[in-house]
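Subject: Structure for you to look at

Dear colleague,

I am passing on the structure we talked about, so that you can have it open while you read. My notes on it come after the sequence and the coordinates.

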Amino acid sequence: AAAAGPAAAAGLWSEVNRCGQNGDFARALKSVNKILQISKDDVTALQCKVVCLIQNGNFKEALGIINTHTKVLTSDIIAFEKAYCEYRLNRIESALKTIQSASQQTDKLKELYGQVLYRLERYDDCLAAYRDLIRNSQDEYEEERKTNLSAVVAAQSTWEKVVPEDLGLREATYELCYNSACALIGQGKLNEAMKKLQKAEELCRQSLSEDSDVTEEDIEAELAIIHGQMAYIMQLQGRTEDALQLYNQIIKLKPTDVGLLAVIANNIITINKDQNVFDSKKKVKLTNAEGVEHKLSKKQLQAIEFNKALLAMYTNQADQCRKLSASLQSQSPEHLLPVLIQAAQLCREKQHAKAVGLLQDFADQHPANAAEIKLTMAQLKIAQGSVTKACMILRSIEELQHKPGMVSALVTMYSHEEDIDSAIEVFTQAIQWYQQFQARTNYGCCVFQPKSPVHLSLIREAANFKLKHGRKKEAISDLEELWKQNPKDVHTLAQLISAYSLVDPEKAKVLSKHLPSSDTLSLKVDVDALENSHGATYVRKKAGKLTGDNQQKEQGQGEVKKKKKKKKGKLPKNYDPKVTPDPERWLPMRERSYYRGRKKGKKKEQVGKGTQGSTTAGSSELDASRTASSPPTSPRPGSAAAVSATSNVIPPRHQKPAGAAATKKKQQQKKKKGSKGGW
């Protein structure tokens, strides 16, 4: 039995060797386990078992064996395998310690060290590690090392805004082209980056199409990350519709890279903003996939969390918004966005005072970010209508209070509140600050120093403002300062003379002598060319050749023009030349003197008592128009017999109807009789 043990072990080792060469690590693992049954502390067998487990993806079990047999498997023997298992299990800090504690730094450990540094976002150390590897190694993995080196440079450009150096790498593969495009995106060179991505897509198709086993679906899956960067460039360029279409195409492919899906979903949410919230709520689920936190950088994860908080605010999930923003603030206490999101949520809840207090507390705790916070506070005060308080907050920002943009904003706001004194005070303080700044800059210099363009611009704006609001004496000192700086400035001199003319006319006369003569101001201007130029408001018509008729018209401009022959107007059908027309016939009926209003209730006369459809016996007796005393009324239209029988009837358009008062009286009688009929 004792002799059978070594013989069996030798056969098992042969099996392990054969399976390892064939890549059948599952079968090799079975043979190794049988060897360990014979000799449980065999170092080589334990090493082989760890390797088989790693090849099969069982990193946790492999690390457990290493930690269980620490006396046998020392760090010198199995440092790389242990560090690799920790790296694959996303225990990056532990992997770094394992690598650094190794007594001998092999090439494998150096390769893994570069990967660990990249995951820890220590890009400077990572760049140095890969440079050392490329310089001191020469094997078939050189292209992969160059690709990793270009990825580090791209990460520096994107996340640390470092201008990348030219590494001199030949972009022969689509991975190198892709990394180069990412570096260009970090520099803001979007058009160049798009060209690089198009080249990377072409190289990728050529490379994969050479393999007959690769399908079109496999190629599209490999191109997904390149298309994702293309869509990102479109989004940065404002082509949101094109970007959104490309993003959705990538999602339909269902790529296995959860990091890519999370980034695309986040970018779609940023395009949707506060619109299409239902789609955003569906897309946000992709950012919560398992393993996303290990695929993205810290800044990418932070941006996704910010957008989750904003989406919660837009969907009126106040508690969720507060929870997410508070978590972000605890992770990055100095970051602005969490406190701004909290303040925005408070404003949506109409708690403006609480929002301002929250911002003030943050500004006191983090003076470095106080300027941005105070600008937000001023915006909230303006929204509340407290413009004066907003001005006070803006003037408390020391690093911005003398900037031209801030001065302009303060003057505009004070003018809106009709506080001219405060507006002039803002100008004065800004001008004095620039004077002191120039004095500090030119300390020890005795020669005359011209003022800076910004300083002169502030003085001119202050003078114009004072002139506009009637502060002429104060404006004069500013204009004199400007003229002193540039005595050839005719515009400033004209303004100064205009101001003095209202205060000291004699002084204005003296200054007017400095104005240039009209001869020096004359300009050679082609009037015809100016009038005929594009955009001229008035264009003189070109004079054409005068014909005989036109010449007569030109000569007889003083003569009275011939009157045009008027057409003969049409007369009404019932016009009678013997009758004088009604002088009020041109007025509307309502404006005529004899108008008495409409006759109301014509149909009411026909309505009486009795059953529906019957007529009352005395209806003819109640009709006042049938009585003998009733004067003849105007003929009804279309009644030819009535017109022919009465030759002396005057048409209604030519004569004022007689007996208007009597007609009104009879109408009143009709109303009275009608009221007795049951109305």
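Below I go through some salt bridges and then through three pairs of packed helices.

Please keep in mind throughout that this is a predicted model.

Salt bridges

Side chains of opposite charge can pair when their charged atoms come close. In this model there are 19 salt bridges, and I describe a few of them here.

The side chains of Glu15 and Arg18 form one such bridge, with 1.9 Å from N to O. These two residues lie three apart in helix 1, which covers residues 4–22, so that about one helical turn separates Glu15 from Arg18. Their surroundings are not alike in class, because Glu15, with a relative accessibility of 14%, falls under the 20% limit and counts as buried, whereas Arg18 is partly exposed at 43%.

A second bridge joins the side chains of Asp242 and Arg239, where the distance from N to O is 3.5 Å. Here Asp242 is partly exposed, with a relative accessible area of 36%, and Arg239 is likewise counted as partly exposed, at 37%.

A third bridge links the side chains of Glu305 and Lys308 at 3.3 Å, N to O. Both residues belong to helix 16 (residues 298–314), and since they are three residues apart there, about one helical turn lies between Glu305 and Lys308. Glu305 is partly exposed at 26% relative accessibility, while Lys308 is buried, its relative accessible area being 15%. Elsewhere, Glu201, Arg205, Glu216 and Glu220 are joined into one network by salt bridges that share partners.

Packed helices

Two packed helices are described by the angle between their axes and the distance between the axes.

Helix 6 (residues 92–101) and helix 7 (residues 107–119) have axes that come within 10 Å and cross at roughly 145°, and the crossing of helix 6 with helix 7 is left-handed. On the side of helix 6 the contact is made by Ile92, Ala95, Leu96, Ile99 and Gln100, and on the side of helix 7 by Leu109, Leu112, Tyr113, Val116, Leu117 and Arg119. Sorted by class, this contact between helix 6 and helix 7 holds nine nonpolar residues, one polar residue and one charged residue.

For helix 8 (residues 123–136) and helix 9 (residues 142–159), the axes come within 10 Å and the crossing angle is roughly 160°; as this angle is over 145 degrees, helix 8 and helix 9 are roughly antiparallel. Helix 8 also passes helix 9 in a left-handed crossing. Among the residues that make the contact are Tyr123, Leu127, Tyr130 and Ile134 of helix 8, together with Leu149, Val152, Val153 and Trp159 of helix 9. The contact of helix 8 with helix 9 comprises eleven nonpolar, two polar and four charged residues.

Finally, helix 24 (residues 453–468) packs with helix 26 (residues 490–503) at an angle of about 30°, the axes being 12 Å apart. Because that angle is under 35 degrees, helix 24 and helix 26 are roughly parallel to each other, and their crossing is left-handed. Arg460, Asn464 and Leu467 of helix 24 meet His491, Thr492, Gln495 and Ala499 of helix 26, and the residues of this contact divide into two nonpolar, four polar and one charged.

With best wishes

Conventions:
Residues numbered from 1 in each chain as written. Predicted model: local features only at pLDDT ≥ 70, side-chain atom pairs only at ≥ 80, totals over all residues. Heavy atoms only, no water. Salt bridge = Lys/Arg side-chain N within 4 Å of Asp/Glu carboxyl O. Helix = DSSP H or I, 4+ residues; strand = E, 2+ residues; numbered from the N terminus. Buried < 20%, exposed > 50% of the residue type's maximum accessible area, 1.4 Å probe, protein only. Axes fitted to C-alpha atoms, helices over the stretch in contact; angles between N-to-C directions. Parallel < 35°, antiparallel > 145°, perpendicular 65-115°, else oblique. Left-handed = near helix turned anticlockwise from the far one by under 90°. Contact = heavy atoms within 4.5 Å. Nonpolar A, V, L, I, M, F, W, Y, C, P; charged D, E, K, R; others polar.
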